[in-house]
Structure formats: structure tokens, C-alpha cells
Amino acid sequence: MHGEYKVPGGKLVVVDLEVVDGRIDQFRLAGDFFLEPDDALPLIDQAVNGLRADTDAAGIAAAVRHALPEDAVLLGFTPESVGVAVRRALSRASSWRDYEWQVVHEGPISPNEHLALDQVLTEEVGAGRRGPTLRIWEWDQPAVVIGSFQSLKNEVDPAGAEKYGVQVVRRISGGGAMFMDAGAIISYSLYVPTDLVQGMTFADSYAYLDEWVIEALKSLGIEAYYQPLNDITSTKGKIGGAAQKRLGTGSLLHHATMSYDMDGEKMVEVLRIGREKMSDKGTTSAAKRVDPLRSQTGLTRAEIIDRLIGTFTKLYGATEGHVTDAERQRAQELVDTKFSTREWLERVP
């Protein structure tokens, strides 16, 4: 069995092993990481060999850590990453390059259509009718997208939303509210088989699925990194956040929103929670909290999107794709019967 795990912000961890009588056998660790002293590598191999095959990642990491000498130095990987790689080998997880990826970047649609497409395309990947896909959002009207479990009245100030003509919608994933002014943010969705994140915790999968974004941002000169659980940030401030929804069909929705040119004052008039976060930090202006991509790069939104698509394509071999007529029709049905209804929007009043 073979497993690989690219540590977010670190190195590649590769493991090969067999299972004999319910226990790990012939385990070998490799990768482009750094480890001192040299003789620590066979100690890790010995620690994993003989473990029960159902040992979880935390248990594997504990065994590795216990076997390491006190002066051991691990650079680019951790005992936890070894545990993840082992679990991915045992669950026969897939990797990015195992798939034929599509990138979809089409014209603007309404916020509710975006949310409906997220559900439809995730279901299509799970059913095997669509390959794994990255979709970049475009829209031409302001909106607030609240998380599946958030309280509508606690998150949104209706007077502020009406003042600025902001539509309020609810997505199928959890997490916090997103203020989406037209042309002011960059949003994308990934529709992937859950096999891609087999052996990972939810926390691990967030950083893993956004590693390409961090690489793209670094290529633009941004000192970007992932901050658990779900924030994309930089040395100059937070850039954006991600959310996930796992369906029982074997597919996963992972989407993220990054600020390009945030109007912080408008945001706190529309979002109640924005005021709470500002007061907690002793900050009077939301514009000081989220450092937009525009100020860090000087590039247009379109140029940044081009870099994101280019990085993803270079890493994973993606080709241009499109939403099919059947997928769009199904999404419109969901808009009419679910996403645009008061029952859905007010499912948590």
C-alpha cells in the first residue's frame, strides 16, 4: 500500500506498507523533508511497524514521537503528518493527479444560483457524472451569504441590507457569513471525491484543499499562509475563509471567499457580527481587519484570478470546463424550490 501527503506549507511525506494479520508490516517512510539525525529515520519505521492497522492518525503520531530521540529535528513534516500519510495509504486515498480536473469560470449569475450550483455540482461528482472541478464565481449584485447553521436575525441587519440593496442568502455549508459586494471579492468552489481527503481530519483537509491557493498568492508576492481552522491569511492581515459540506454520495464541497477590495464600513452596517468582532478587538474600522488582495498586489481582480487558475492548472493539469445545460436547469429548480424560499433562508430565524 502506498500513501502520500503534502504537508501544507511543508514537504511531501511518502509511505509504503503492507498489512499482515491486522498489523502494519514492511513500513517505509520517505519524502523530501529534512530529518536529523540520520538514524532517526529507521526509528520511525520501527515505531510504525507492528501497529494495529486500525490505529488512528493520532495514535501513529504518538508512536513516532515516542520513538524519536530528544535531539531529533524535523523540518517540513511532523509525526502527525506521518500518521495522515499512513491512514491515507490504508484507506487507499487518491491524489490530485489521479483525476482529470476541470476549471469553470463563466459569466455572472445570481447569488442563489451560485449556491444551487454548489449543491448540484457536488452531487454530480458524487454520482460520477462529472469529474472533479474548480469553479470561480462571478456575480454583479451585492449579497450576504450566511452559513447553514447561522441565525438570520443575529447575523444580518435588515436596515443595512435594504440601504445598500444587499440580497441575503443561505448556503449548504457551515461557517460564518460572507459579505460579497459586486466585484469586491474572489470566491471559488471545489467539487471533489472524498477519496481525495481520505485519512485526514476535517482540519487537515481544509489546509490541504487550499494549498494551491497559498502557492498562487505567494507567487504574487503575498506572504500568505493557512490559519486553522479555515482562514487564509497573511502577515498583513486576514485575506479570506473557507467552508465545507460533505455529502453522503462520496463527494465534498469546499469553497472559499477572499477579499479583493473590501468596503469595511458598509460591511459592518450590513453584518451585525462584524460589529461584535470589531469591538472584541478594540478596532473601530472593519477595513483595518481584512487586508484586501488589491492593496497587497496592486493587480486587478481579473489578473489575480488568472494567476489562481494558472497555478491550479500547472499543479494538477486542469482543462477548461463548463456547466452543462442539465446542471444549470437542475440548479434553477433548486433556486425555485429551496434556496429562494423563506423556509430555507429562515431555517434558523
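Me: Two strands pair if DSSP finds at least two bridges between them. With that settled, which residue takes a positive phi in the hairpin of S1 and S2?
Reply: This is a predicted model, by the way. S1 and S2 run antiparallel and are joined by five bridges. Their hairpin has five residues between the strands, and the one with a positive phi, near 75°, is Gly9.

Me: Which residue in S2 stands opposite Gly3?
Reply: Start from the pairing: five bridges hold S1 and S2 together in antiparallel fashion. Opposite Gly3, in S2, you'll find Val15.

Me: Where does a positive phi turn up in the hairpin of S2 and S3?
Reply: Seven bridges link strand S2 (residues 12–20) to S3, with the two running antiparallel. Two of the partnerships are Val19 with Ile24 of S3, and Val20 with Arg23 of S3. The hairpin has two residues between the strands, and a positive phi near 55° belongs to Asp21.

Me: Which strands are at the edges of the S1-S2-S3 sheet?
Reply: That sheet is open, its three strands come in the order S1-S2-S3, and the pairing is antiparallel. An edge strand here pairs on one side only, which holds for strand S1 (2–6) and strand S3 (23–31). From one strand to the next the twist averages 20°. So the edges go to S1 and S3.

Me: And in the S9-S8-S10 sheet, why is one side of S9 and of S10 left without a neighbour?
Reply: Here we have another open sheet of three strands, in the order S9-S8-S10 and with mixed pairing. S9 (167–170) and S10 (178–180) are at its edges, so one side of each has no neighbour in the sheet, and the reason is that each has a single partner strand.

Me: How many bridges join S8 to S9?
Reply: One of the facing pairs is Val145 with Val169 in S9. S8 covers residues 143–146, runs parallel to S9, and the number of bridges between them is four.

Me: Which helix lies across S8 and S9?
Reply: Look for a helix running at about 10° to S9. The one that does so spans residues 111–127, and its name is H4.

Me: How do H2 and H3 lie to each other?
Reply: Helix H2 (residues 57–67) and helix H3 (residues 79–90) pack with their axes 7 Å apart, at an angle of about 130°. Contact residues include Ile60 and Val64 of H2, and Val82 and Val86 of H3. By class, the contact has eight nonpolar, one polar and three charged residues. Given that angle, the two are therefore oblique.

Me: Which hand is the crossing of H8 and H12?
Reply: Helix H8 (residues 211–219) and helix H12 (residues 301–316) pack at about 125°, their axes 9 Å apart, and they are therefore oblique to each other. Among the residues in contact are Trp212 of H8 and Phe312 of H12. The contact divides into seven nonpolar, two polar and two charged residues. As for the hand of the crossing, it is right-handed.

Me: Where does pLDDT stay under 50?
Reply: Across the chain the average pLDDT is 94, and 95% of the residues score at least 70. There is a stretch under 50, though, with three contacts beyond four places in sequence, and it is residues 279–284.

Definitions and conventions: Residues numbered from 1 in each chain as written. Predicted model: local features only at pLDDT ≥ 70, side-chain atom pairs only at ≥ 80, totals over all residues. Heavy atoms only, no water. Axes fitted to C-alpha atoms, helices over the stretch in contact; angles between N-to-C directions. Parallel < 35°, antiparallel > 145°, perpendicular 65-115°, else oblique. Left-handed = near helix turned anticlockwise from the far one by under 90°. Contact = heavy atoms within 4.5 Å. Nonpolar A, V, L, I, M, F, W, Y, C, P; charged D, E, K, R; others polar. pLDDT = per-residue confidence, 0-100.
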